[in-house]
Each structure stands twice: as structure tokens, then as C-alpha cells.
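This briefing is intended for reading alongside the sequence and the three-dimensional model. Please keep both in view while working through the points.

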Amino acid sequence: MLTIALPTGRVFSQAAELIRRAGLPSKELSSPGRRLVIEEEGIRYILAKPTDVPLYVGYGTADLAFAGGDVLLESGMPLVELLDTEQGRCSVVVAGPPSLSCRFHGHASELMGMKVATKYPRIADNYFSSRGAQVDILHLHGSIELAPKLGLADCILDIVQTGNTLRANFLEILEEVCTVSLRLVGSRKSIAFRWPEVREIRRKIEEAVKEMPL
Ligand code: PRP
């Protein structure tokens, strides 16, 4: 039996739709209810919190998984990326009040000591280190836009999709860090020992990706 980890939350429906279009078993998956493990026709799906998905694959509990590029970058787990589904595309950005804009376009020393709120401390650390700026990273778990609004932080590093949350909180993009999307990843062990099965699933999902509207 092959195990595929799926992230719950906003990208679950996209992952489930790709599975359905790929012709993989998906009858039960369309109405999971509160189940966390669903087995159908030789595939076990596990439904995990998005940030936990890389761990299930990294430790070989799951053979394959769908995971957001942001979550993968943040996890730092040694996974094998098999396919970019191009679904759920969004940007990782640094955002803040418009008044901060000039500091971002000046010398790195202007950023020194800045307080940055984020769900992505590893990405934030890498980004600001690459700019040669030592900043104070505040690890929050959601509603990141609150932090600069209430003076807890100067700016945020977060994902942006429509930009609605930024606009609603009078924040603007100061720098784009990278773009991310939903990826199909595999565990090193499964790729080494179960490659024919993994390759077949990858092939089917690749076909489904071509027909999926963005
Ligand atoms: C994410 C992200 C932003 C928002 C961006 O939060 O952290 O807050 O979505 O989306 P937008 O550009 O379309 O407005 P999420 O909705 O996952 O909730 P959270 O703040 O609880 O993490």
C-alpha cells in the first residue's frame, strides 16, 4: 500500500481534485468528514496539518505528499520534489506600512534591528541574512498582519495571494522574496525502493495538472 499525505485547509480541495483528475482512487476522499486516514483501492491517504506534512514524508511515514512550496522551504526536510502542480500559486513577501519602503530600498544597515513577524522564521532568517541584515524575528502562528498594526513588529514576512488581507490592514509589499505553489514531493526511501509505483503516480498527476485550470 502506498501512503500519500495531503494537507488539510485551503489547498486540500486542490490536491483532492488533482487526485480525482489523475484517476487515482478518490471516492472516499471527496467526503472525508473527520477521518484522518482514508484507505481506498491500495492507497492510504493521510490528512495532516499543512506544516506537518513534510515531516511525514521526511521520516518515510508517507511515500508521497502534496505540500505548499512555502511549507517545504520552511521545513528544511530532505525531500525529493517530483512536480510543481502550479496550483495555489502565491508570493512570499516582506510587507509593512508604506513609510518603510525607503528603508528597504536603501543600505542593509537600514534594516538592522528591525522586528519582523512571521509564520516562516527559517525563510525570514535566510532572506534577511542574504541581505546582510540582522533582524529580530518574531515567530507567530497566524493573523500576522496584526503585528505591525499593533506595533509588535515593524514588518511581516508572509504569503500573499489576492493581496486582500494586506490592503485591509493598510500594509503594502516592500519586497518579493519568491513565488510558491503546490508541489508533489516524495520520500528518499520510497523513491529509491518504490520508484515504479511512484513514477506512475507522478505521471498521472502530471497529466491531471495539464488539464487543471489555474
Ligand atoms: C494567509 C496569509 C495571509 C493571507 C494572504 O493567512 O498568512 O494572512 O492568507 O491571503 P490574501 O493575499 O489572499 O489575503 P491564512 O488565511 O492562511 O490564515 P492565518 O492568518 O490564520 O494563517
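The points below cover the domains, their interface, the ligand site and the salt bridges.

The model is predicted. Its chain is divided into two parts, domain 1 (2–88 + 181–211) and domain 2 (90–180). A ligand is present, and 13 residues surround it.

**Domain arrangement**

- Domain 1 is made up of two segments, 2–88 and 181–211, whereas domain 2 is given as 90–180.
- Between the C-alpha centres of domain 1 and domain 2 the distance is 30 Å.
- Where the domains are in contact, domain 1 contributes 10 residues and domain 2 contributes 12 residues.

**Interface between the domains**

- About 850 Å² of area is buried between domain 1 and domain 2, and carbon and sulfur atoms account for 53% of this area.
- On the domain 1 side, Asp70, Leu73 and Glu74 provide 60% of the area buried against domain 2, more than any other three residues.
- No salt bridges are found across the interface of domain 1 and domain 2.
- Polar contacts, by contrast, are found there: five residue pairs across the interface of domain 1 and domain 2 are in polar contact, with both residues of each pair at pLDDT 80 or more.
- Helix α3 (residues 69–75) gives the most to the side of domain 1 that touches domain 2, supplying five residues.
- By residue class, that side of domain 1 comprises one nonpolar, five polar and four charged residues.

**Ligand surroundings**

- The closest of the 13 residues around the ligand are Lys119, Glu145, Asp158, Thr162 and Thr165.
- Asp158 places a polar side-chain atom 2.7 Å from an oxygen atom of the ligand.
- Thr162 likewise has a polar side-chain atom 2.6 Å from an oxygen atom of the ligand.
- Gly163 approaches through its backbone, with an N or O atom 2.8 Å from an oxygen atom of the ligand.

**Salt bridges**

- Over the whole structure, a search finds 13 salt bridges.
- One pair in a salt bridge is Glu17 and Arg20, whose side chains meet at 2.8 Å, N to O.
- Glu17 and Arg20 are about one helical turn apart, because three residues separate their positions in helix α1 (residues 12–21).

Key. Residues are numbered from 1 along each chain as its sequence is written. This is a predicted model: local features need pLDDT of at least 70, side-chain atom pairs count only at pLDDT 80 or more; totals for chains, interfaces and linings use all residues. Side-chain values use heavy atoms; hydrogens and water are left out. Domain bounds come from an automatic or database domain assignment. Contact means heavy atoms within 4.5 Å. Buried area is the accessible area (1.4 Å probe) that two parts lose on being put together, summed over both. A salt bridge is a side-chain nitrogen of Lys or Arg within 4 Å of a carboxyl oxygen of Asp or Glu. A polar contact is a pair of N or O atoms within 3.5 Å; within protein, one must be able to donate a hydrogen and the other to accept it, and residues adjacent in sequence count only if both atoms are side-chain atoms. Helices (H or I, at least four residues) and strands (E, at least two) are DSSP runs, numbered from the N terminus. Ala, Val, Leu, Ile, Met, Phe, Trp, Tyr, Cys and Pro count as nonpolar, Asp, Glu, Lys and Arg as charged, and the others, Gly among them, as polar. A residue is near a molecule or strand if one of its heavy atoms lies within 4 Å of it.
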